[in-house]
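Here is my note on the model, set out point by point. Please read it with the coordinates open.

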Amino acid sequence: MEEFHYLFQNTGETEYNDVVYDHVFDLSNNEFTFLIKPQNTIYWRFGIRLSATPEIEFYHPSGRYQKKDTADVHIAAGEWNGQVWILPNRFQMAQYYLPNQEHILSRFEKYEPFQPVEWQLRFLVNRGEGNVLLLGYKIGNDVFSQQYAIAENYKYFKVFAWADKSNFSLDCTISQRSFGPFSIGNITFRNGDMFDDLVMDETDIILLPASSQGTATKNILARSEELGIPPPVENDISSVLTYEVTTAYQKRLRAGYAYSVKNNESSIEIIKTLCKSIISTFSKESAQRINIPLFGTGGGSLSPEAVAVIYLDVLNNDTVNLKFIVSIVDDSVFIKVKNALGNFNTPINKNAPDVKSRLHSDTFSIDEADVLNYDLIAENFFTILSDKETNPPLNVGIIAPWGRGKTNLMKRLKNKFDEERTKLLSNSPTVNKMPSIKTLGRWINNEAPILGVKHNIPYSTVWFNPWNYQSTDMIWAGLADAIIEQVVESIPGKIDQEIFWFQLRLARIDKQELRRDVQTRFVYFISNFIIWILVGIVAIAYFILSKPVIAWGVIGVGGIIGTITSIMNFLKPYRTNISKAFDKYTKPPKYPEKLGTFHDVQTDVNRVLDLCIDKRKPLVIFVDDLDRCSASKVVEVIEAINVFINGMYNNKCYFVLGMDAEMVAAALDASYEKMKGRLGNKEMEQGSIGWYFMDKFIQLPFFIPVMSEAKKGEYLDILIKEKNYNTEQQNQIDTGKVKDLFEGIMSTNSNVASSNMIAQSGLTIEEKNALDKMILKNQVESRGQEEEIKKQVLSYGRFLNSDPRSLKRFTNLLRFYCGYQFLRMKKGEDFAEAKVLAKWLVVMIKFPQLVRWIQWDADNKTGPIISSENKATILDSLIKNFMQNNNGSGKTYKDWLQLSLPITFYQTEKRKKIDDLDEITWIKSETMFEILMFEFSEKHYFKNAFVCNVW
């Protein structure tokens, strides 16, 4: 994207005081955005002059619109009546010499003087009846957009501004974004329809997408009919089937199908194999020009950028004589692909791939590329946990198998709390206050606490890894030490930290022992002092008043020395290091010796939390790698957390636990073996006693979504490409631009309109992230959806346990996921409504085994591999068959058992057994059946949970 900046400025001495920007813009295949900021200018006009040649003339001062072989379009603030400017709140867009158009194209009567205007211009080639100009403007939250026919020879324009007989000053930034075709090797990417006349003239072979089941979209079936080829038939995935056809223009070509979707999904491997099939099918023939779309990006849900990269890797082959034309209809998708492919004018050297010459560390970095949207998920968590209506105690579970990114997500969330704390404390003065002598005296007499200074640190964070204490008896000591050390470290200023440590040490002093020692030493000192001082006084008096006998003088001096020695002996213990002196009176907690009791931990930790933590902005404790501990240690840590949640700290902290819940549940199973089989249906629903305990322990469980094939491709691309993805994130954020776009998006109820606004905004990566966070935060904090959430809680509450904890967990989850799905809706992505989320979430709470079976079994078990999305699809097909076979009647639990239990899941190609439903306990639950059948619709299918990034 290119950017131009110009200040249009002139005086009002003449009627035609036009200022022309002396740059000729090429209209073809480009989109232009003019950001116009009036400066002390109420009345103004700004326009473009269209021309067939780069030589564009202006005719002022004799007049503006003398030649009809040019056309002018302008926007204006105010109305010029030939003598004076009037109507400052009128904004309008007008034209001269556009065919069959009124002079005034659009009028808006609520314009505020000096208000910035964003004007957009896009040239569209051969859209039905010749070329058209797409014009639109945005003023605050008001948006207008319309297409207008123009002469086909118009290719260029210049920009000019004026305000007859009036001073004006317009600050203008012009952004130019290209939609022109670009080529890399033998592949040309273009913005447009596959059936545009221009591209069809260059086409020898046209391939349409189809599924291996012999299905295609309505649009593809209409296109096949237009070409005169039969509908697709069942065929092997990644295969090609073509027919000889003659088009309406009597051109002979081959047309057919590329089978890129199987079982309603595609994958990178499918597309790679398909590309190889295309090469092997057509490369032996004479030179061919093959017209294709981005396969697998529709029904297959692959990322367009990932598919484009596959095309470069496989189709861009110098050894074959094929040329490819890749047509991309959606403007925003075209720009994404163009940006993803980088410097497209530089041919890719197959012999020298752009691969990073380094190994990748497993250490987390907050700056690493976040293609998995973990930062956005962390933002969702942060927004909810920092909401004023969210209060501790609360245990959040970040749940996924090993290596799925739990630590990454938790670190991002911790970073957000740390940034918020730093911001809140930036203007807070340090305390720098030692306890006074008076306070010390009152403390000794039990009249006042020694720790009288409250720091109220907002969102202090603690990172605790119990695995580090696995081989010792010090997990409790480690947790207490981590909390105390890291909380005190969050106190701003080293002086205040040292003062707090000193006060904490004083608080640990045994005052009774101190009193006894002081009293004993005082009595001993007084007795010695009196004896020696009396002897000295008597001897010296006798020496002075009587004859000066040396013996009396020696005795007197000895008395003085004895007195001094008594004083020194009394003070001798206090000449040592003050820290060592405190050791005698301090009772440091001996945590290892008191394993299984919490008294010392409670006392010591409570001192710190009571004086350091802002209860309105609680402490957040992150516990990582819990699943790596032995069974006994897992139980010990969970018991410790339960003490925090249920004890004196229950209003002071959140816990965020990252774990492979399957491993933790197994540890709990081992520890509570004797209870196995005694909980009846609860065990069947949850899977085991361990999962039952987990259900009670975690209030907000979050299963990290499975990485789709498209995301996997993006992530692998980052790992192997040399391009520095982070440099794009160093741009300064235009907060005003982001805010304006946010307000525009929130003001419309149209998903298409909001996604178009984002696509056409030209935001940088960092600005897009900022916009996402604004939308997410607004939705989470908004109470507009409360009624819908309340409705779903009441509807699905019948399937949950009759206890406040289960209902709270369901409400928390629904609110959490609704925010993220609202963001997806505004961005034009697949999203789930609250009533759809409610069913998935109640299943997740009641039957976590189902989610584990879909998400994890392929990862954790040997044997045939099937993707999580495919497993969800297979389960959906079971439900679909049941619904179709019963035709709305007789849908009983008994019918469900008879249909489902004999079915065995197989991979289609090799017919290898995956799971036998008769061995899966949760699918036989009557509660599961009732949940599935409740207000059932196709939107509730489990595959959609993956498409919408819930699972």
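1. Confidence. This is a predicted model. Its mean pLDDT is 75 over the protein, and 71% of the residues score at least 70. Two stretches deserve a flag. Over residues 902-915 the pLDDT is below 50, yet the model gives this stretch 37 contacts beyond near neighbours in sequence. Residues 574-579 also stay under 50, with 5 contacts beyond four places in sequence. Where pLDDT is low, the predicted coordinates should not be read in detail. I would treat the contacts of residues 902-915 accordingly.

2. Overall make-up. The chain count of secondary structure is 31 helices and 26 strands. Of the 951 residues in the protein, 50% are buried. Take the contacts between residues at least 6 apart in sequence: 75% of them join residues at least 24 apart.

3. Aromatic pairs. The structure holds 36 of them. One is Phe-34 with Trp-119, a tilted pair at 5.5 Å centre to centre, with 40° between the planes. Phe-34 sits in strand S3 (residues 30-38) and Trp-119 in strand S8 (residues 117-124), so this pair ties together parts that are 85 residues apart in sequence. Both Phe-34 and Trp-119 are buried.

4. A second tilted pair. Phe-381 and Phe-816 lie 4.4 Å apart, centre to centre, and their planes make an angle of 40°. Here the link spans 435 residues, from helix H6 (residues 374-385), which holds Phe-381, to helix H24 (residues 804-826), which holds Phe-816. Are these two rings buried or exposed? Phe-381 has a relative accessible area of 1%, so it counts as buried. Phe-816 has 3%, so it is buried as well.

5. A ring cluster. Phe-34 and Trp-119 also belong to a cluster linked by ring pairs. The other members are Phe-4, Tyr-6, Phe-8, Tyr-21, Phe-25, Phe-32, Phe-46 and Phe-157.

6. Cavities. How many cavities of 30 Å³ or more does the structure hold? There are 6. The largest has about 150 Å³ of space. Its lining consists of 12 residues, and those nearest the centre are Trp-691, Met-694, Asp-695, Pro-701 and Pro-848.

7. Lining of the largest cavity. Three elements each supply at least two lining residues: helix H18 (689-697), strand S24 (700-703) and helix H25 (834-846). H18 gives the most, with 3 residues. By class, the lining has 9 nonpolar, 1 polar and 2 charged residues.

8. A covered helix. Helix H4 (residues 304-314) has 10 of its 11 residues buried. Among them are Glu-305 and Tyr-311. The buried set also includes Pro-304, Ala-306, Val-307, Ala-308, Val-309, Ile-310, Leu-312 and Val-314.

9. Positive phi. Two residues other than glycine are worth checking. Asn-40 has phi near 55°, a positive value. Asn-40 is in the loop between S3 and strand S4 (44-51). Its relative accessibility is 77%, so Asn-40 counts as exposed. Tyr-97 has phi near 75°, again positive. Tyr-97 is in the loop between strand S6 (85-96) and strand S7 (104-108). With a relative accessible area of 32%, Tyr-97 is partly exposed.

10. Lys-739 and Ala-770. Lys-739 belongs to helix H20 (residues 735-747). Its relative accessibility is 47%, so Lys-739 counts as partly exposed. How far apart in space are Lys-739 and Ala-770? The C-alpha to C-alpha distance is 9.3 Å, while the two are 31 residues apart in sequence.

11. Ala-666 and Ser-688. Ala-666 belongs to helix H16 (residues 661-671). A relative accessible area of 42% makes Ala-666 partly exposed. The C-alpha atoms of Ala-666 and Ser-688 are separated by 8.5 Å, with their places 22 residues apart along the chain counted as their spacing.

Conventions
Residues numbered from 1 in each chain as written. Predicted model: local features only at pLDDT ≥ 70, side-chain atom pairs only at ≥ 80, totals over all residues. Heavy atoms only, no water. 1 Å grid on protein atoms, 1.4 Å probe; cavity = no way out; pocket = protein on both sides within 12 Å on 5 of 7 lines; lining within 4 Å. Points joined across faces, edges and corners; volume = space filled by probe spheres on them. Helix = DSSP H or I, 4+ residues; strand = E, 2+ residues; numbered from the N terminus. Nonpolar A, V, L, I, M, F, W, Y, C, P; charged D, E, K, R; others polar. Buried < 20%, exposed > 50% of the residue type's maximum accessible area, 1.4 Å probe, protein only. pLDDT = per-residue confidence, 0-100. Contact = heavy atoms within 4.5 Å. Phe/Tyr/Trp six-rings, centres within 6.5 Å; stacked < 30°, edge-to-face > 60°.
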